[in-house]
Amino acid sequence: MTASAPLARLVRPSRPARFALLLTGLFLYGLSLRMMLDANVGTAPWEVLHVGVTRHLPLTVGLVSILTGAVIVAFTALRLKERIGLGTVLNVVLIGVFLDLLAPLIPNPVALGWRWLQFLLGVGLLGFATGAYVAAGLGAGPRDGLTLALNRLTGWPVPRIRSGVEVVVLLVGWALGGPLGWGTLVFALSVGPAMGWGLGLFGVGKKA
């Protein structure tokens, strides 16, 4: 453990410890998405898509998230030959489950200041959650796997691929009536630093 990676000691080699860290990360990830959604100032591109789909089909946001993740995993595994792990499967299922289970528990603030506070806390929590589930080392999430597979096949830089995918998803979600707002722009500008902070806390990507 170092001052720059204070939670690195939580990353243990035993499989039960890694599994527990994965579950913690996925729960917090689902919580972060729920917080941003219920703040009602806009949300992440994929959630814009998921909510947009619920405007047209009798499905919950969590179920749409699960179905979308399953399609992405099937495509990357069968067509792009990307390996999937236990963490990938649990990522697809549990984040959607937590999104729906937490819906009655997360407030819908009325005052604009509280809405933005909840949204920004959600962004920060997403960064922390990303560090936790990635540090578990049990498989990439479906969208990360898609990005890596396209990078391997095309040779294009990962940031360019991820940005392109996010823009396409955002436009489709917006066309379906998803909650595009100023929060979407704030998310786009802040999610990178938040994820970098979360990964750094667990020592992911840092030399020992």
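## A salt bridge within H1

Arginine 34 and aspartate 38 share helix H1, which spans residues 15-39. They sit four residues apart there, about one turn of the helix. In this predicted model, their side chains meet in a salt bridge, with an N to O distance of 3.0 Å.

Are the two partners buried or exposed? Arginine 34 has a relative accessibility of 10%, so it counts as buried. Aspartate 38 comes out at 7%, and therefore counts as buried as well.

## A network across H6 and H7

The count of salt bridges comes to three, so let us turn to the pairs that involve arginine 162. Its side chain meets that of aspartate 144 in a salt bridge of 2.8 Å, N to O. This pair links distant parts of the chain: aspartate 144 belongs to helix H6 (residues 142-154) and arginine 162 to helix H7 (residues 158-175), with their positions 18 residues apart. Arginine 162 also forms a salt bridge with glutamate 166, at 3.0 Å from N to O. Here the partners are both in H7, and because they are four residues apart, about one helical turn separates them.

Taken together, Asp144, Arg162 and Glu166 are linked in a network of salt bridges. How accessible is each member of the trio? Aspartate 144 is partly exposed, its relative accessible area being 21%. Arginine 162, at 26% relative accessibility, is also partly exposed. Glutamate 166, in contrast, has a relative accessible area of 16%, under the 20% limit, and is therefore buried.

## Two nonpolar cores

Which residues have the most contacts inside the largest nonpolar core? They are Leu26 and Phe187, in a core of 37 residues. Helices H1, H4 (86-101), H5 and H8 (182-201) each supply at least two of its residues. H1 gives the most, with eleven residues.

Leucine 26 is worth a look in the viewer. Leaving out residues up to four places away in sequence, leucine 26 touches Leu90, Asn91, Leu94, Ile95, Phe98 and Tyr133. Another core lies apart from the largest one. This second core has nine residues, including Leu49, Leu146, Ile161 and Val169.

## Glycine 127 in H5

Glycine 127 is found in helix H5, which covers residues 112-135. Its relative accessibility is 0%, so glycine 127 counts as buried.

Which residues beyond its sequence neighbours are in contact with glycine 127? Setting aside those within four places in sequence, the contacts are Ala194, Met195, Gly198 and Leu199. Glycine 200 is 73 residues away from glycine 127 along the chain, while the C-alpha atoms of the two are separated by 9.9 Å.

## How H3 packs on H6

Helix H3 (residues 61-78) packs with H6 at an angle of about 30 degrees, and their axes are 9 Å apart. Angles under 35 degrees count as roughly parallel, so H3 and H6 are roughly parallel to each other. Their crossing is left-handed.

On the H3 side, the contact is made by Ser65, Thr68, Gly69, Ile72, Val73, Phe75 and Thr76. H6 contributes Pro142, Arg143, Gly145 and Leu146. Leu146 also appears among the residues of the nine-residue core, and H6 is the helix that holds aspartate 144 of the salt-bridge network.

Conventions: Residues are numbered from 1 along each chain as its sequence is written. This is a predicted model: local features need pLDDT of at least 70, side-chain atom pairs count only at pLDDT 80 or more; totals for chains, interfaces and linings use all residues. Side-chain values use heavy atoms; hydrogens and water are left out. Buried means under 20% relative accessible area, exposed over 50%, partly exposed in between (1.4 Å probe, protein chains only). Contact means heavy atoms within 4.5 Å. A salt bridge is a side-chain nitrogen of Lys or Arg within 4 Å of a carboxyl oxygen of Asp or Glu. A nonpolar core is a set of buried Ala, Val, Leu, Ile, Met, Phe, Trp, Tyr and Cys residues joined through side-chain atoms within 4.5 Å. Axes are lines fitted to C-alpha atoms, for helices over the stretch in contact, and angles run from 0 to 180 degrees between N-to-C directions. Angles under 35 degrees count as roughly parallel, over 145 as roughly antiparallel, 65 to 115 as roughly perpendicular and the rest as oblique. A crossing is left-handed if the near helix is turned anticlockwise from the far one by less than a right angle, and right-handed if clockwise.
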